[in-house]
Amino acid sequence: MKIATWNVNSIKVRLGAVTDWLREAEPDVLLMQETKTVDEAFPHLEFESLGYKCHVHGQKSYNGVAIVSREPVTDVRIGLPGDDGDDHARYMEAVVRGVRVICLYLPNGNPVPGPKFDYKLGWMDRLIARARELLDREEPFLMGGDYNVCPKEEDVYDPAAFANDALCQPESRARFRTLLNMGLTDALRVFVPAGAAYTYWDYTGGAWHKDHGLRIDHFLLSPQVADRLVACEVDRGPRGRERASDHTPVWCRLDLGG
DNA sequence: ATGGTTGTGTTACAA
C-alpha cells in the first residue's frame, strides 16, 4: 500500500496539480493539508472520477485536512482529542487495510514567544497523548502530515537564520523527539539516514531554485507498521511546476501482504 | 535590504 502526504495550500488552486500527481504516482491513499475549503465546496467528483473517495475536515480560509483513498476506509474520526475548545481543522483519522492512518497539520507556532507558540506546544502534547493511547492498545498506526517541525539542524538549509523560528525551537524538537523515543519511526530517515531531504521551500526569494528548503513533512510509524515499511521518498517533481504548492509530496510504501 | 511570495477574501492575516 502506497500512502502519500502533501500540504497542497488550497485544494481549489491546486486541484489540477493534485489530480495530475495522483495519475502519475498512483498512491492508494493521499493525506492532504491546508485544503482551505469548507466541506460543502470540496471537489469530491474530480477525485471520484480517478477512483478515490474523499473524507474531509475543512474550514473557511484556513487549515483543513483530507484523507483520499482508493482502498475502503472505515472508522473516520475528526479532531485531535484533548481540547473541546480547539476549532482548527487540523486532524483526522481513518482505518485503511488494518492501519489507522492519521492526517495532521500541526500548528506553525510563529511568532516565538506568544500564544501561537503555546498553542503549538499544547497541540503536540495532545498528539503525544493520542500516540500513547494507540501504542498502549497496540493498534498499528501511521501519522503523516505537515508537522511544522524541523527535527534536526540538518533539516534546515540555514540553521542560524531559523534559530528563533517556531519550527526549530528546542521545545518543538523535544516533543518530536518524544514521539520517536516512544518507539515511532521517522520513515524517511530509514532510507535517507542523514543530510538534506527537504519537503518545503518558501515562495519568497527564489528559495526553490536555491534549494533553500526545510524538512517539515513527515511520516511517523508505529512499530508494527514500521516492520512493513519498504520505501519512503520525497517527490520533488510537483514543487518545480507552474503554480506549485510551497510543499512537495512525500510517500511511503507498506508491504501488507495479500 | 527588517525585504521577499502566495492564498483567502477584502486590504489584513497566515504561512
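In the predicted model described here, an N or O atom in the side chain of Arg-90 is 3.4 Å from a phosphate oxygen of DNA strand B, a polar contact being a pair of N or O atoms within 3.5 Å, where pairs within protein also need one atom able to donate a hydrogen and the other able to accept it, and residues adjacent in sequence count only if both atoms are side-chain atoms. Residues are numbered from 1 along each chain as its sequence is written, and chains are lettered from A and ligands numbered from 1 in the order in which they are written. Because the model is predicted, local features need pLDDT of at least 70 and side-chain atom pairs pLDDT 80 or more, whereas totals for chains, interfaces and linings use all residues, and side-chain values use heavy atoms, with hydrogens and water left out.

Phosphate oxygens of DNA strand B also lie 3.0 Å from an N or O atom in the side chain of Arg-14 and 3.1 Å from a polar side-chain atom of Lys-116. Altogether 16 residues surround the strand, with Ser-10, Arg-14, Ser-61, Lys-116 and Arg-243 the closest, a residue being near a strand if one of its heavy atoms lies within 4 Å of it. Of the strand's atoms within 4 Å of the protein, 89% belong to sugar or phosphate and the rest to bases.

Away from these contacts with DNA, Gln-169 counts as buried because its relative accessibility is 11%, buried meaning under 20% relative accessible area, exposed over 50% and partly exposed in between, with a 1.4 Å probe and protein chains only. The side chain of Gln-169 reaches the backbone oxygen of Ala-163 at 2.8 Å.
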